[in-house]
Amino acid sequence: MVQSRGRVKERKPAPSRVGLALAGGGPLGGIYELGALLALSESLEGVDFNELDVYVGVSAGGFIAAGLANGLTPERMRHMFIESDTAEEPFEPEQLLKPAFREYAMRALSVPPLLLASIWNYLTNPWSQSFFEAFQRLSRAIPTGIFNISGIDRFLNRTYTASGRSNDFRKLRRKLYLVATDLDSGESVVFGSPGWEHVSISTAVQASAALPGMFPPVEIEGRHYVDGALKKTLHASVALKEGANLVLCINPLVPFDSELAEKRGAGQRHRLVDGGLPVVLAQTFRSIIHSRMQVGLSKYKTDYKNADVVLFEPNSDDADMFFTNMFSYSSRRRLCEHAYQKTRVELYRRRHELGPILARHGIRIRLDLLKEKRSLIHHDVRGHAEPEDTLQAASHRLGDALDELERWLKRKQEGARKAA
């Protein structure tokens with residue numbers, strides 16, 4: 001409170017600092033995050049996703065976070081990555097699936113000396129180790145990644161050096177942090193933070209997205225870096241430490257609940273073991289990172305009591321998000337639409353929970369827009385709505401009916417108390 005000319009004026013509270021934290025999940029995860037952002041950007045009034053105070057990206061989330069911090073709107077990125085119809089930034093999904101020939105060649109060249117060393121080791125110490133132990137060093141010749149991710153560095157470098165953009169963390173108007181993992185120490189490295197802001201944004205994105213086994217580690221100044229999700233899923237704490245009062249988080253990967261899917265009418269129950277090793281590994285990986293993320297979110301509530309963290313993610317019965325190949329681009333338009341519609345439904349369903357939280361930071365949910373039939377995909381010439389539109393409309397009608405039932409029950413309870 002300050003006094004001026006006999007009047008007492010209340011000091012206006014400082015405006016909230018808003019951050020965005022995007023998790024990883026391969027190309028599929030990036031598509032989901034883009035669809036979710038398209039829904040949020042049009043349905044939340046009072047927030048501009050190109051004017052946030054801090055952006056944090058991990059793995060595929062780094063692509064989207066870096067684009068937003070560079071002034072690329074969600075709609076522009078949709079045309080770049082989903083529609084591939086922008087002349088200025090032509091993006092070919094095949095860039096992610098080019099074999100890592102250089103890695104193959106380097107490992108192949110290492111086979112002869114490794115083989116000779118293994119033979120010599122066995123012949124000189126035949127009784128101290130088994131035959132297979134002596135030749136174990138040949139495992140060093142196995143490539144560290146299948147696909148070459150360097151094409152992404154070149155594409156992003158061209159994109160970020162266009163007029164009005166920058167490939168330099170230090171020249172951005174907003175704070176951007178991209179998280180990778182140091183392969184030799186296992187520690188997280190936050191590119192864009194002091195001591196790491198000199199690394200180009202495109203190279204940092206490449207390092208953060210280098211999923212072990214899929215892409216070779218990225219070498220930066222003599223050290224090697226891999227996917228930032230190995231330590232944490234979201235790294236929302238980076239934005240909280242930067243002073244964000246509200247952090248909006250999007251996590252595209254959740255473990256699949258086949259029993260819940262069956263109860264909600266998704267058809268016959270899925271036996272995940274029937275999907276073989278890839279499905280078993282996908283469920284295991286998602287369960288581990290999601291459990292770890294939940295622990296982190298609980299910790300934020302005690303460590304940052306004056307901040308709000310809001311998470312958006314798929315439902316655990318979402319078979320589309322689970323059974324679609326994580327690295328598939330063939331159905332990217334459908335999946336982007338799916339994420340867009342699911343996020344709209346989720347916003348409306350959670351409006352009573354999220355409304356007061358967002359209002360504290362000057363953000364309002366546009367319920368009028370959420371009740372409209374909207375789609376990223378045009379209706380067909382006969383005007384038939386997409387299936388997701390039907391789902392969204394049904395969800396809205398159900399929500400309205402439940403709200404009316406809740407108000408009716410409250411009136412009945414109040415009347416009963418007064419009568420007593």
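## A tour of two helices and the charged side chains

Start by selecting residues 26-43, which form helix 1. Its 18 residues reach 26 Å from the first C-alpha to the last, close to the 26 Å expected at 1.5 Å a residue. Keep in mind that this is a predicted model. Now colour helix 1 by accessibility: 16 of its 18 residues are buried, so the helix is largely enclosed by the rest of the structure.

**Salt bridges**

Turn next to the charged side chains. How many salt bridges does the structure hold? The count is 20.

Select glutamate 51 and arginine 174, whose side chains meet in a salt bridge at 2.6 Å, N to O. Glutamate 51 is in the loop between strand 4 (44-45) and strand 5 (54-58), while arginine 174 is in the loop between helix 7 (150-160) and strand 6 (175-182), so the pair ties together parts that are 123 residues apart in sequence. Are these two side chains buried or exposed? Glutamate 51 counts as partly exposed, at 33% relative accessibility. Arginine 174 is partly exposed as well, with a relative accessible area of 22%.

Extend the selection to Arg17, Asp53 and Arg173. Together with Glu51 and Arg174, these residues are linked in a network of salt bridges.

Move to arginine 78 and glutamate 83. Their side chains form a salt bridge, with 3.2 Å from N to O. Arginine 78 has 10% relative accessibility; the cut-off for buried is under 20%, so arginine 78 counts as buried.

Then pick arginine 366 and aspartate 368. The closest N and O atoms of this salt bridge are 2.6 Å apart. Aspartate 368 has a relative accessible area of 40% and is partly exposed.

**A positive patch**

Leave the salt bridges and show the surface. Which residues gather in a patch of positive charge there? Select Lys231, Lys232, Lys241 and Lys299. Of these, lysine 241 can be placed in helix 9, which covers residues 236-241. Lysine 241 counts as exposed, at 64% relative accessibility.

**Helix 13**

End with residues 332-349, helix 13. This helix has 18 residues and reaches 25 Å between its first and last C-alpha, close to the 26 Å expected at 1.5 Å a residue. How many of its residues are buried? In helix 13, 14 of the 18 are buried, and the helix is mostly covered. For helix 1, where the tour began, 16 of the 18 residues are buried.

How values were computed
Residues numbered from 1 in each chain as written. Predicted model: local features only at pLDDT ≥ 70, side-chain atom pairs only at ≥ 80, totals over all residues. Heavy atoms only, no water. Helix = DSSP H or I, 4+ residues; strand = E, 2+ residues; numbered from the N terminus. Expected span 1.5 Å × (residues − 1). Buried < 20%, exposed > 50% of the residue type's maximum accessible area, 1.4 Å probe, protein only. Salt bridge = Lys/Arg side-chain N within 4 Å of Asp/Glu carboxyl O. Patch = residues over 30% accessible without salt bridge, like charges linked within 9 Å, V, L, I, M, F, W, Y side chains within 5 Å. Areas by Shrake-Rupley, 256 points an atom, 1.4 Å probe, with all protein chains shown as cover. Lys, Arg positive; Asp, Glu negative; His and termini not counted. Charge placed at Lys NZ, Arg CZ, Asp CG, Glu CD.
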